[in-house]
Each structure stands twice: as structure tokens, then as C-alpha cells.
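Q: Please take a close look at one part of this structure and describe it in its surroundings.

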Amino acid sequence: MPAYKALSDAGELTAHVTGMVLLNSKSGPEALEVYDTLAAKFPKTPDLMVGGIKILADGVIEYPAQTASLSLPYKNLGTPGPEVIGTEKFKALVTAADKRGALVHIHAIGDLAATDALDAIAAARKANGDSRIPHTITHLEVVKPEDRLRFKALGVIASMQLLWSGADEYTTDLVKPYLDESLSKTLYPARSLADADAIVAGASDWPVTSPNPFLAMTVAITRQGTKGVLNPEEAMTAEQMLYAYTRNAAQAVRREDRIGSIEPGKAADLVLVDRDLLAAAPAEIADTKVLWTMFGGKKVFQADK
């Protein structure tokens, strides 16, 4: 944050940065003192802010780690992984964060972790009323069918890394063999969430995987990986993915008043690409090249001719 602030103060920050304070998943409301301190130290500017807190509700789903929190046991373990945040203490933390205007961003890969995260946000909405803060759950590799409608009802954004949603070495070899079929057949339920009117935001999890949105768009639309197609009924459309990486992503970091769409009064942040993403063949979207980028009305990138 000090580096970003120095750039911002010098007028050299060419990105919108929303920092999130990482708190331990077992923290109570008292841990928000860290957020308060950092939010005061780095006051919000048009391009930089401390937005809220991030919590890891579980681990990862792949073998051999298998620390994602599931509703059904892993086949090889006979246990469903650890339940980390399904506590009254966590509900109190989320409620306190919401009350002071902080965004809560929750890493939840397993379906039980997603349920627990939704339950905590529901507790905050019940205690505080609708703050209209777009609390976010990210990853969502498995989501219970009965939870999908709760995203819209609770005003929760589904932030997904759909670059991962094809059949590849991870999903085919390290995930599906170890999950109950009822879970494996719904991996990365992007379309189901969208059809339930959830706001699906595009994300990358960089530096774990590529931040290139065009690669992720192709996989999200085709569900094609190195080992075939994964759950094709969950495929998104190009239009849905274009919104996911613009308007919806801006909402996920509470920047929709300034970025995410081309409207009067918003920042002139524009990207010119070499093809019409809505008309291109899905497989060709991955090859999209950026010709120039404009930040706040100033060109900050020009591709080599």
C-alpha cells in the first residue's frame, strides 16, 4: 500500500487499487482494529482505497491437499474436509465489518464453505439491514443448488476464476476422481449462478494463474480444457463474460460509480482490442490483442505495430 500511495500521490498510478486486509478465519470482531488502522492510514482516493477484509473459509479441493470444505466426504478420505467459518464468532465478525462499511471478501471453494459464508452474510443483513455493500464470495468451485438463489437475495457477488473451468489435469485427475458424483457434475457452476440472477464477476487469482481475461473468457464459453469439455451446461456466453470482466468486476471492488462501464461522469478507462468479442468465435477470443489502453483519459499503453 505505501508503494501504491506513493504512485497515486505522484499521479503515476495507472490502475484502480482496492486493498483488502487479510484476517484469520477464526478472528472475532476485535480483529477489525487492523482494518480501521489501515483504512485511516490510507484514506480513500479515486484510485486507491482499503476496501475491507478478506477471509479464507477453506483450502483447496485438489488431491492430495483436499482442504476445501465440502458437504459430502472425499471418496479417498471418508471425511468432507475442515469446516472453518461455520461459527457464531465468524458471523459476529462479518456483521461488525458490514456495520462499519467494510467489504467482506471470502475465499470459499467447497460447497459447505460457500453455505457458511452465505449464512454469515445473512446474519449481517438481518442485524444491520441491507447495507448494499456487495460482499463477495470467490472461487465457488462447488455450490449447493439450494444456495444459488441466495446470492441475489443477499446481494452477494459470485467472483469466479473461469480459466479453471475446463477439463484439464486438475479437474480430471486431481478433483473428479475424489468427489461424490453429485458434486463433480456441478464443478464451476457459473451458468447456474447466472441463471439464478447472481452477479458473476470475472477474476483471475493472479499470480496463481494468468490474469489475461481473454483466456478465461474462452474457457468459460467453451468449457474446453487440455483433456476435453467440463460440464458444458455451465458454459457462459460472450456477453455474460464481457459484463463479468467490466461492470460486474467493478461492483465487486465497490468501484462501479467510477469504472466498469462507459457512461457520462465515469473515468475514461478504455481498452481497444483487435476484434469484436461478441462476434468472434469463442476459441479465437483467447488470441485477442490489446491495441491501446487509456486510463483516466490518458493513453498508458500502445502496442507495437
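How many bridges join strand S4 (residues 136-139) to strand S5 (residues 157-160), and in which direction do the two strands run?

A: In this predicted model, S4 and S5 are joined by 3 bridges and run parallel. One of the pairings can be given by residue, since Thr-138 has Ser-159 in S5 as its bridge partner. In general, the strands of a sheet pair through backbone hydrogen bonds, and the pairing may be parallel or antiparallel.

The two strands belong to an open sheet of 6 strands, which are arranged in the order S1-S2-S3-S4-S5-S6 with parallel pairing. Strand S1 (17-22) and strand S6 (199-202) are the edge strands of this sheet; each has a single partner strand, and therefore one side of each lacks a neighbour in the sheet. From one strand to the next, the twist averages 30 degrees.

Ahead of S4 comes helix H4 (residues 111-128), with a loop between them that holds Arg-132. The 18 residues of H4 should span 26 Å at 1.5 Å a residue, and because its end C-alpha atoms are 26 Å apart, the expected and the modelled spans agree. Among the buried residues of H4 are Asp-111, Leu-112, Ala-113, Ala-114 and Thr-115, and further along the helix Ala-120, Ile-121, Ala-124 and Arg-125. The elements that cover these buried residues include S4 itself, together with strand S3 (103-108), helix H3 (88-99), helix H5 (148-154) and helix H7 (181-184). After H4 comes Gly-129, which has a positive phi near 80 degrees. Arg-132, in the loop that leads on to S4, counts as exposed because its relative accessibility is 69%. Between Arg-132 and Val-21 there are 20 Å in space, C-alpha to C-alpha, and the two are 111 residues apart in sequence.

Towards the S1 edge of the picture, Ser-25 is found in the loop between S1 and helix H2 (32-41). With a relative accessible area of 13%, Ser-25 is buried. When its neighbours within four places in sequence are left aside, Ser-25 is in contact with Ile-55, Leu-56, Val-84, Ile-85 and Phe-90.

Two further loops are linked by an aromatic pair, of which the structure holds 1. The pair is formed by Tyr-63 and Tyr-178, and it is stacked, with 4.6 Å centre to centre and 5 degrees between the planes. Tyr-63 lies in the loop between strand S2 (48-56) and H3, while Tyr-178 lies in the loop between helix H6 (169-175) and H7, so the pair ties together parts that are 115 residues apart in sequence. As to their surroundings, Tyr-63 counts as partly exposed because its relative accessibility is 37%, whereas Tyr-178, at 18%, counts as buried. Another ring, that of Tyr-243, has Arg-247 over its face, at 4.1 Å from the ring centre.

A second sheet offers a contrast to the S4 and S5 pairing. It is an open sheet of 3 strands in the order S9-S10-S11, with antiparallel pairing. Its edges are strand S9 (270-273) and strand S11 (298-302), and each of them has a single partner strand, so that one side of each is left without a neighbour in the sheet. With direction ignored, neighbouring strands of this sheet are turned by 20 degrees against each other on average. S9 and strand S10 (residues 290-295) run antiparallel and are joined by 4 bridges, and here Leu-270 stands opposite Met-294 in S10.

Technical notes. Residues are numbered from 1 along each chain as its sequence is written. This is a predicted model: local features need pLDDT of at least 70, side-chain atom pairs count only at pLDDT 80 or more; totals for chains, interfaces and linings use all residues. Side-chain values use heavy atoms; hydrogens and water are left out. Two strands pair if DSSP finds at least two bridges between them. Axes are lines fitted to C-alpha atoms, for helices over the stretch in contact, and angles run from 0 to 180 degrees between N-to-C directions. The expected span of a helix is 1.5 Å times one less than its number of residues. Buried means under 20% relative accessible area, exposed over 50%, partly exposed in between (1.4 Å probe, protein chains only). Contact means heavy atoms within 4.5 Å. Rings of Phe, Tyr and Trp (its six-membered ring) pair if their centres lie within 6.5 Å; planes under 30 degrees apart count as stacked, over 60 as edge-to-face and the rest as tilted. A charge sits over a ring if NZ of Lys or CZ of Arg is within 6 Å of the ring centre and within 35 degrees of the ring normal.
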